[in-house]
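Hi everyone, thanks for coming. I'll talk you through one structure today, so have a look at it first and then we'll go piece by piece.

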Amino acid sequence: MDELDRKILRVLSVDARVSHQDLAERVGLSPTPCARRIRKLEADQIITGYGARIDAGKLGFGFSVFVSVKLDQQVENRLVEFEKTIRDCPEIVDCWLMTGSFDYLMLVLVSDLAEYEQFLTRRLTRMPGVASIESSVPIRRVKEQAARLR
């Protein structure tokens with residue numbers, strides 16, 4: 001991967017809908033070599049997909065909560081069971097297995113505090129293996145970036 005590939009990635013990370021012609025002009029290539037580079041970045045799984053960034057608030061999910069979960073046991077079958085259970089929760093939009101004092105960090109998107117309370121009390125606390133939960137409400141996003149490119 002060279003500087004031209006990085007330029008391509010920077011442009012695509014901001015506007016994945018850019019035409020090959022416009023992208024080629026922005027990075028200083030002709031369209032055919034630019035398209036070849038894109039195909040190689042995709043084949044090498046550096047580019048793993050394309051998608052739209054969606055404003056969840058405009059869809060009615062304007063209340064975000066970061067939720068840390070500690071399980072009662074850190075054994076494989078407990079982790080597998082928990083992960084299988086949360087896949088069925090549309091409120092959980094991102095989840096990471098973590099090191100440290102909690103086992104999982106999740107991003108939960110709901111409409112408001114009342115919906116979060118329902119999710120917390122009726123679903124999350126009833127999941128098998130959940131020993132403790134800590135919720136943190138973000139005030140505002142300071143930075144958003146799809147990937148680190150340098």
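Before I start pointing at loops, one bit of vocabulary: helices here are DSSP runs of H or I with at least four residues, strands are runs of E with at least two, and both are numbered from the N terminus. Also keep in mind that this is a predicted model.

Okay, with that in hand, let's go to Glu91. Glu91 sits in the loop between helix 4 and strand 2. Is Glu91 buried or exposed? Its relative accessible area is 13%, and the cut-off for buried is under 20%, so Glu91 is buried. And who does Glu91 touch? Leaving out residues up to four places away in sequence, Glu91 touches Leu107, Val108, Leu109, Val110, Glu115, Phe119 and Arg123. Hang on to Phe119, because we'll meet Phe119 again as one of the buried residues of helix 5.

Now helix 4. The buried residues in helix 4 are Arg78, Leu79, Phe82 and Ile86. Around the axis they cover an arc of only 100°, so they end up on the same side of helix 4. What do those buried residues pack against? The buried residues of helix 4 pack against strand 1, strand 2, strand 3 and strand 4. Flip to the face of helix 4 turned away from the buried side, and you find the exposed residues Glu76, Asn77 and Lys84.

Helix 5 next. Here Tyr116, Phe119 and Leu120 are buried. Looking down the axis of helix 5, the buried residues fall within an arc of 95°, so they line one face of the helix. The cover over the buried residues of helix 5 includes strand 1, strand 2 (92-97), strand 3 and strand 4 (130-136).

Let's talk rings. How many aromatic pairs does the structure hold? There are 2 aromatic pairs. One of them is Phe82 with Tyr104, a tilted pair at 4.7 Å centre to centre, with 40° between the planes. Phe82 belongs to helix 4 (residues 76-86) and Tyr104 to strand 3 (residues 104-110), so this pair ties together parts that are 22 residues apart in sequence. Phe82 has 1% relative accessibility, so Phe82 counts as buried, and Tyr104, also at 1%, counts as buried too.

Then there's Tyr116 with Phe119, another tilted pair, 6.4 Å centre to centre with 40° between the planes. Tyr116 and Phe119 both lie in helix 5 (residues 113-122), 3 residues apart, which is about one turn of the helix. Tyr116 and Phe119 are both buried.

On to the pockets. The largest pocket has a volume of about 1,000 Å³. It is lined by 28 residues, and the closest to its centre are Arg53, Ile54, Arg141, Glu144 and Gln145. Helix 1 (3-14), strand 1 and strand 3 each give at least two residues to that lining, and strand 1 has the largest share, with 3 residues. By type, the lining of the largest pocket is 14 nonpolar, 5 polar and 9 charged.

The second largest pocket holds about 510 Å³ of space. Of its 19 lining residues, the closest to the centre are Leu12, Ser13, Ala16, Gly49 and Ala146. That lining divides into 11 nonpolar, 4 polar and 4 charged.

A few single residues before I stop. Gln45 is in the loop between helix 3 (31-43) and strand 1 (63-71). Most residues other than glycine have a negative phi. Yet Gln45, which isn't glycine, has a positive phi, near 60°. Gln45 has a relative accessible area of 62%, and exposed means over 50%, so Gln45 is exposed.

Gln74 is in the loop between strand 1 and helix 4. At 45% relative accessibility, Gln74 counts as partly exposed. Its C-alpha atom is 9.4 Å from that of Gly129, though the two residues are 55 residues apart along the chain.

And where is Ile139? Ile139 is in the segment after strand 4. With a relative accessible area of 81%, Ile139 is exposed. The C-alpha atoms of Ile139 and Ser64 are separated by 9.1 Å, while along the chain these residues are 75 residues apart.

That's my tour, thanks for listening!

Key
Residues are numbered from 1 along each chain as its sequence is written. This is a predicted model: local features need pLDDT of at least 70, side-chain atom pairs count only at pLDDT 80 or more; totals for chains, interfaces and linings use all residues. Side-chain values use heavy atoms; hydrogens and water are left out. Buried means under 20% relative accessible area, exposed over 50%, partly exposed in between (1.4 Å probe, protein chains only). Rings of Phe, Tyr and Trp (its six-membered ring) pair if their centres lie within 6.5 Å; planes under 30 degrees apart count as stacked, over 60 as edge-to-face and the rest as tilted. On a 1 Å grid over the protein atoms alone, a cavity is a set of points where a 1.4 Å probe fits but cannot get out, and a pocket is an open set with protein on both sides within 12 Å along at least five of seven lines; lining residues have an atom within 4 Å of a point. Grid points are joined across faces, edges and corners, and a volume is the space filled by probe spheres set on the points. Ala, Val, Leu, Ile, Met, Phe, Trp, Tyr, Cys and Pro count as nonpolar, Asp, Glu, Lys and Arg as charged, and the others, Gly among them, as polar. The arc is that of the directions from the helix axis to the C-beta atoms. Contact means heavy atoms within 4.5 Å.
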